[in-house]
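Student: I am new to this structure and would like to begin with a close look at one part of its surface. Please then connect that part to the rest of the chain, and explain each term as you go.

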Amino acid sequence: MTIRPMMIFDYPQLDALWQEDADHANDIGDRDSLRRFLERNPDTCFVAELGGMIVGSILAGHDGRTAILYRRVVGVLFRHRGIEIALLNTVIRTLHRAGVATLMCIAPRIGPLATAPAEDGFVPDPDAVPCVIDVEARYPRLPAEDRIC
């Protein structure tokens with residue numbers, strides 16, 4: 001297995017991988033969304049390849065101090081082989097070299113992914129409460145020419 005930086009040309013294989021994962025199939029976005037994410041976070045997104053096929057991916061980003069793990073997906077047939085933790089450790093080493101102090105993730109309270117963060121070493125932060133604003137519900141979709149990025 002090889003872990004390497006994610007590139008936009010990986011999108012067709014990534015889309016297929018993400019679509020097979022019921023927990024992430026609808027929240028990844030399109031090719032242009034991934035391109036913008038990779039432009040902002042070129043050093044913290046990786047793929048795991050086996051025989052030229054992408055079998056896992058991880059997307060993270062940071063502001064120089066705190067990072068967020070947005071999603072990590074490993075193909076159903078390749079889970080529980082250490083790929084998940086290898087991807088996570090690659091991101092952690094990269095963040096450490098960049099001087100980032102904290103990596104956060106958001107996990108569901110129930111379902112098969114609920115225990116994954118604790119198994120990977122994440123601990124609840126007693127000083128933080130996850131809060132969200134549904135931007136798309138609050139503001140109409142901007143035309144492409146009006147978007148910032």
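Student: Which residues form a nonpolar patch on the surface, and about how much accessible area do they have together?

Tutor: This is a predicted model, in which local features need pLDDT of at least 70 and side-chain atom pairs count only at pLDDT 80 or more, while totals for chains, interfaces and linings use all residues. Residues are numbered from 1 along each chain as its sequence is written, and side-chain values use heavy atoms, with hydrogens and water left out.

The nonpolar patch is formed by Ile133, Val135 and Tyr139, which together have about 330 Å² of accessible area. Such a patch is made of residues with over 30% relative accessible area and no salt bridge, where nonpolar side chains (Val, Leu, Ile, Met, Phe, Trp, Tyr) are joined within 5 Å and like charges within 9 Å. The areas come from the Shrake-Rupley method with a 1.4 Å probe, and for residues only the protein chains shown count as cover. Ile133 lies in the loop between α4 (116-119) and α5 (135-138), where helices are DSSP runs of H or I with at least four residues and strands are runs of E with at least two, numbered from the N terminus. Its relative accessible area is 55%, which means that Ile133 is exposed, since exposed stands for over 50%, buried for under 20% and partly exposed for what lies in between (1.4 Å probe, protein chains only).

That loop between α4 and α5 also holds Asp120, which counts as partly exposed because its relative accessibility is 23%. Leaving aside neighbours within four places in sequence, Asp120 is in contact (heavy atoms within 4.5 Å) with Arg72, Ile85 and Leu88. The C-alpha atoms of Asp120 and Glu84 are separated by 9.1 Å, although these residues are 36 apart along the chain.

Glu84 and Leu88 lead us to helix α3, where both are among the buried residues, together with others including Ile83, Ala86, Leu87 and Val91. What covers the buried residues of α3 includes the strands β1 (2-5), β2 (45-50), β3 (53-62), β4 (66-74) and β5 (102-105). Helix α3 covers residues 83-97, and its 15 residues reach 21 Å from the first C-alpha to the last, close to the 21 Å expected at 1.5 Å a residue, where the expected span is 1.5 Å times one less than the number of residues. Just after α3, Gly99 takes a positive phi of about 85°.

From here we can step back to the whole chain, which has 5 helices and 5 strands and follows the pattern β-α-α-β-β-β-α-β-α-α when read along the sequence. Of its 149 residues, 36% count as buried, and carbon and sulfur atoms supply 57% of the roughly 9900 Å² that the chain exposes. Among contacts with a separation of 6 or more, residues 24 or more positions apart account for 59%.

Charged pairs complete the picture, and a search of the whole structure finds 5 salt bridges, each being a side-chain nitrogen of Lys or Arg within 4 Å of a carboxyl oxygen of Asp or Glu. One of them joins Asp10 to Arg4, with the closest N and O atoms 2.6 Å apart; Asp10 counts as buried at 3% relative accessibility, and Arg4 is buried at 17%. Two more salt bridges pair residues of helix α2 (31-40): Asp32 with Arg36, at 2.7 Å between the closest N and O atoms, and Arg35 with Glu39, again at 2.7 Å. An α-helix has 3.6 residues a turn, so residues three or four places apart point the same way. Arg35 and Glu39 are 4 residues apart in α2 and are therefore separated by about one helical turn. Salt bridges that share partners join Asp32, Arg35, Arg36 and Glu39 into one network.

Following α2, Asn41 sits in the loop that leads to β2 and is buried because its relative accessible area is 9%. Not counting residues up to four places away in sequence, Asn41 touches Ala60, Gly61 and His62.
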